[in-house]
Amino acid sequence: QVQFVESGGGLVQPGGSLRLSCAASRSISSIYVMAWYRQAPGKERDMVAVISASGASNYADSVKGRFTISTDNAKNTMFLQMNNLKPEDTAVYYCNFGSSNWRDFLVWGQGTQVTVSS
């Protein structure tokens, strides 16, 4: 079973940028859909961005135009470029498969903390 390890989070001021990485334990070229998720304090986990094996992507309305999801199949890694960060982007970010039943997933990585604050 593939495992994902997230990294790249940190503390950034509003308007700043971060790039998150998601390293997979095996090739991701055959994974049909992958996604980034986030969970803010006191809130449920939500899907942020999703990318298919063909490269098609989709985003939550709250991050559209600011976040970009991408993959590097040669490195078995997925990325999330986050620009113009806002305090409401503060959350723990996770990567995992993309699926309509993602809320039923039992296995998650440790996530990476993103804090946007002045």
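**Loops, sheets and a buried arginine in a predicted model**

Asn76 is located in the loop that connects strand 7 and strand 8. The model described here is predicted. Although Asn76 is not a glycine, its phi is positive, at about 50°. With a relative accessibility of 21%, Asn76 counts as partly exposed, because the partly exposed class lies between under 20% for buried and over 50% for exposed. A positive phi of about 50° is also found at Asn84, again a residue that is not a glycine. Asn84 belongs to the loop between strand 8 and strand 9, and its relative accessible area of 42% makes it partly exposed.

Strands 7 and 8 belong to an open sheet of four strands, which has the order 1-3-8-7 and antiparallel pairing. The edges are taken by strand 1 (4-7) and strand 7 (67-72); each has a single partner strand, so one side of each lacks a neighbour in the sheet. On average, and with direction ignored, neighbouring strands of this sheet are turned by 15° against each other. Within the sheet, strand 3 (residues 18-24) pairs with strand 8 (residues 77-82) in the antiparallel sense, over six bridges. Ser21 has Phe79 in strand 8 as its bridge partner.

A further open sheet consists of six strands in the order 2-10-9-4-5-6, and its pairing is mixed. Here strand 2 (10-12) and strand 6 (57-59) are the edge strands; each has a single partner strand, so one side of each is left without a neighbour in the sheet. The twist from one strand to the next averages 20°. Strand 2 and strand 10 run parallel and are joined by three bridges, with Gly10 having Val114 in strand 10 as its bridge partner. Strand 10 also pairs with strand 9 (residues 91-97), in the antiparallel sense and over three bridges. Val114 in strand 10 stands opposite Ala91. Toward the other edge, strand 5 and strand 6 form an antiparallel pair over three bridges, and Asn58 in strand 6 is the bridge partner of Val50.

In a regular strand, side chains alternate between the two faces of the sheet. Strand 10 (residues 112-116) shows such an alternation: Thr112, Val114 and Val116 point to one face and are buried, whereas Gln113 and Thr115 point to the other and are not buried.

Arg45 is placed in the loop between strand 4 (33-39) and strand 5 (46-52). Arg45 is buried but has no salt bridge, and the nearest side chain of opposite charge, that of Glu6, is 7.6 Å away. This distance does not qualify because a salt bridge requires a side-chain nitrogen of Lys or Arg within 4 Å of a carboxyl oxygen of Asp or Glu. The side chain of Arg45 does make a polar contact of 3.3 Å with the side chain of Gln39. Apart from neighbours within four places in sequence, the residues in contact with Arg45 are Tyr37, Arg38, Gln39, Tyr94, Trp102, Arg103 and Trp108.

Asp61 lies in the loop between strand 6 and strand 7. Its relative accessibility is 65%, so Asp61 counts as exposed. The side chains of Asp61 and Lys64 are joined by a polar contact of 3.2 Å. Asp61 is separated from Tyr94 by 33 residues in sequence and by 18 Å in space, C-alpha to C-alpha.

Definitions and conventions
Residues numbered from 1 in each chain as written. Predicted model: local features only at pLDDT ≥ 70, side-chain atom pairs only at ≥ 80, totals over all residues. Heavy atoms only, no water. Helix = DSSP H or I, 4+ residues; strand = E, 2+ residues; numbered from the N terminus. Buried < 20%, exposed > 50% of the residue type's maximum accessible area, 1.4 Å probe, protein only. Lys, Arg positive; Asp, Glu negative; His and termini not counted. Polar contact = N/O pair within 3.5 Å; in protein donor to acceptor, adjacent residues only side chain to side chain. Contact = heavy atoms within 4.5 Å. Pairing = 2+ DSSP bridges. Axes fitted to C-alpha atoms, helices over the stretch in contact; angles between N-to-C directions.
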